[in-house]
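Dear colleague,

I am passing on the structure below, together with some notes on what turned up when I went through it. Please have it open beside you as you read.

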Amino acid sequence: MIDTKPFRSLMRRNEHLFVPIALFIVLLVAAALRSPGLFTSSGVAGAILVAAPLILATMALTPIVMAGRGSVDLAVGPLLGFINVTLVQWLVGSGWTSPVTIFAWALFVGAAYQVLQALVIIYVRVAPVIVTLSSYLFLTGVNLMIMPRAGGVVPEWMTKWGAGTSIISPVLFVLIAGLAIWFVFTRTAFHIHLRMTGADERMAYTSGVRTNWVRIGAHLLGGMLVGLAAICHTALISSGDPVQAGTYTLQAITALVLGGASLSGGRGGAIGSVLGALNMFLISHLLATFNFGMFSGFATQISFGLILIISLLINVLLTAPKIQAMR
Amino acid sequence: MTSTPNTTFPRMKAPARGRMLQWIRCNRPSVIGVGLLVALVVMGSLLVPGFISVQNARSILLLAAFLGLASLGQTMVALLGGLDLSIPYVIGAANILLPSLINTGMPAGLAMAILVLAGLVVGALNGALSYKLQGQALIMSLGFGFAVVGAAQIYTTLGSAVGGNVFAPIPAWLTNIAAFNGRFFGLPIPPVIVIWIAVTVVTLFIVRNTWFGHSLYALGGSRVAASRLLISEFRTWLAVHAISGGMSAFTGVLLLGFSGGGYVAVGDPYLFTTVAAVVIGGTSLLGGGGGYGSTVIGALVLTVLTSLLVGMGMSFAAQQAVVGLLIIPMVALYARTPHIRSQI
């Protein structure tokens with residue numbers, strides 16, 4: 001008799017991944033039928049290049065959402081844009097183009113801003129949604145003040161990144177670095193504390209978890225991932241753009257939900273977020289293969305909307321009994 | 001308008017410490033809001049020449065009226081502890097569908113009525129779908145908004161040469177309702193301001209005097225207690241979302257009179273400004289505290305602040321940055337959550 005208990009518990013723990021995995025498979029099959037070009041070496045390379053910023057931005061949202069209190073970070077897009085425009089306008093503009101400087105700046109700004117947000121949430125004790133909402137407005141304005149319109153150049157070494165001709169590209173390494181950070185994080189006690197805090201902050205607090213430090217840590221991790229996302233985004237567009245990055249907020253939140261994370265906290269992970277972001281990419285890629293003409297933008301919008309609704313509903317059906325029990 | 005009666009009900013769990021003290025505590029957000037409003041007007045009159053003028057007051061009230069009408073649904077949803085992010089998309093959809101319907105030869109009044117009804121239905125559907133989600137309901141409303149605006153754009157683009165904008169001859173009475181130089185029975189007041197006042201009065205009356213109004217606060221305060229009172233959470237949740245959808249469609253329709261041409265992105269600023277008006281007014285996003293009276297103050301504060309910043313010659317980007325920076329201190333004045341120590 002084979003003991004199925006560990007297997008079943010693994011299944012139960014990853015129930016939220018069923019929908020994203022199923023959707024991913026369906027989309028892959030559809031992509032194989034509609035556009036076989038995606039599965040060539042250059043197709044995959046292009047896909048990595050285009051999908052990397054969204055994957056990393058979605059991963060950046062994950063720890064912050066997991067920390068609970070409905071703290072979905074609305075400012076992730078503008079923060080990504082802030083790093084993008086400051087890199088191009090300030091660093092490259094002043095001649096600081098070495099990779100070390102660029103990476104250090106991106107990671108530092110991302111992490112510092114997120115920790116600042118965490119401190120405001122903790123000490124000013126204003127609801128996270130309001131903090132990130134005000135960040136969204138603030139950073140969107142600041143980005144436009146730093147760089148009124150798209151332009152500028154990226155460092156010499158980064159221009160080759162945006163070519164997207166081979167699979168083994170620097171962007172892939174950045175993506176792997178992000179996943180590695182996440183992997184290390186899941187091996188720590190901090191990961192368990194984060195899940196506890198998100199699932200029930202009061203219970204975690206009374207059990208001796210230092211919830212404030214957990215929140216700061218979640219934002220720190222998220223901020224570093226935003227930094228990596230900003231580097232990939234900068235490589236992708238090969239310039240500075242004060243507006244475009246703002247759209248990552250809604251895309252990343254959608255991807256996060258598609259990946260099965262719970263916006264009420266406690267549940268989420270890199271696998272789900274990566275799958276969610278890949279699904280988003282595949283959906284827009286598939287839609288682009290249809291000849292919608294003038295409708296294409298609208299068709300993308302309506303499909304994102306419908307897919308978000310359906311995946312949320314399926315998530316609810318899967319987890320509804322537990323929610324009832326918890327109440 | 002700042003003297004509108006406040007709707008904040010005494011919280012049921014608050015211990016009795018004398019009615020006066022309780023009144024002040026319960027109405028602190030409104031007291032602060034009115035103070036803020038006065039301070040902003042004084043600053044405006046000192047810093048910006050011509051700030052205190054009929055012209056400026058009229059434009060502030062006009063813009064605040066649109067924001068206030070769009071924020072009515074947001075306030076009610078927030079009272080239940082949710083957020084409706086479909087508002088900008090419903091506004092945009094109604095804004096392009098109205099000229100498109102007028103182009104088919106339908107009378108404008110009928111088309112408006114149909115769109116507001118459609119908004120109610122769409123909102124109710126949004127509420128029905130998001131009911132089970134609770135914590136994630138706002139994302140459901142976002143997805144729902146995407147779907148609605150995508151469908152509206154596809155419909156209006158069918159058989160037209162350009163996507164996005166829709167043009168039609170707009171009846172003069174609709175323009176009069178929403179334009180800067182609109183007149184209300186000969187008075188130089190754009191009628192939309194009068195509509196806003198009427199809507200405010202009716203809303204405050206309904207919230208204070210009906211079972212529905214009491215249900216809002218009961219549910220926001222405690223779901224369990226409300227269900228013991230036989231208040232249907234589902235029906236109330238559905239109703240507030242329907243109201244939100246209907247009011248969004250109504251705002252979108254009125255905005256057509258203001259701008260003159262259907263433009264789908266006209267609603268976009270309302271994604272964040274409706275939330276900002278609600279929280280600056282002092283309605284807690286956790287549910288149970290605040291009310292539409294507070295949101296009216298919030299909408300006015302936000303509009304006066306924007307007008308002040310424009311008057312000081314700030315670019316749109318700088319205005320956004322300043323408003324973003326100011327939201328946290330404004331909210332911190334009265335909407336701080338208690339420390340976790342005191343929540344155990």
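Two residues are taken to be in contact if their C-beta atoms, placed from the backbone, lie within 7 Å. With that in mind, among the contacts in chain A between residues at least 6 apart in sequence, 81% join residues that are at least 24 apart. Please remember throughout that this is a predicted model.

On confidence, chain A has an average pLDDT of 86, and 95% of the residues reach a score of at least 70. I would read one stretch with care, namely residues 323–327 of chain A, where pLDDT stays under 50 and where the model has 0 contacts beyond four places in sequence.

As for the overall fold, chain A contains 14 helices and 0 strands. The C-alpha atoms of chain A occupy a box of roughly 60 × 50 × 40 Å along the principal axes. For a chain of 327 residues, a compact globule would have a radius of gyration near 20 Å, and the value for chain A, 20 Å, agrees with this. Of the 327 residues in chain A, 49% are buried.

Turning to the interior, the largest nonpolar core has 195 residues, and within this core L56(A) and A57(A) are the residues that touch the most other members. The helix α3(A) supplies the largest share of this core, with 14 residues. If you would like a place to start looking, A57(A) is in contact with V76(A), L80(A), V226(A), A229(A), Y248(A) and A252(A), once its neighbours within four places in sequence are left aside.

The helix α9 of chain A, which covers residues 189–199, is also worth a look, and its buried residues are H193(A), L194(A), R195(A), T197(A) and G198(A). These buried residues of α9(A) pack against three helices of chain A, which are α3 (41–66), α10 (201–206) and α11 (211–237).

Finally, there is the contact between the two chains, to which chain B gives 41 residues and chain A gives 43 residues. On the side of chain B that touches chain A, the elements that give two or more residues are α6 (137–157), α12 (270–281) and α14 (316–332) of chain B. The residues on that side of chain B divide into 26 nonpolar, 13 polar and 2 charged.

With best wishes

Technical notes
Residues numbered from 1 in each chain as written. Chains lettered and ligands numbered in written order. Predicted model: local features only at pLDDT ≥ 70, side-chain atom pairs only at ≥ 80, totals over all residues. Helix = DSSP H or I, 4+ residues; strand = E, 2+ residues; numbered from the N terminus. Nonpolar A, V, L, I, M, F, W, Y, C, P; charged D, E, K, R; others polar. pLDDT = per-residue confidence, 0-100. Buried ≥ 20, exposed ≤ 12 C-beta atoms within 10 Å, placed from the backbone. Core = buried A, V, L, I, M, F, W, Y, C linked by C-beta atoms within 7 Å. Rg over C-alpha atoms; globule rule 2.2 N^0.38 Å.
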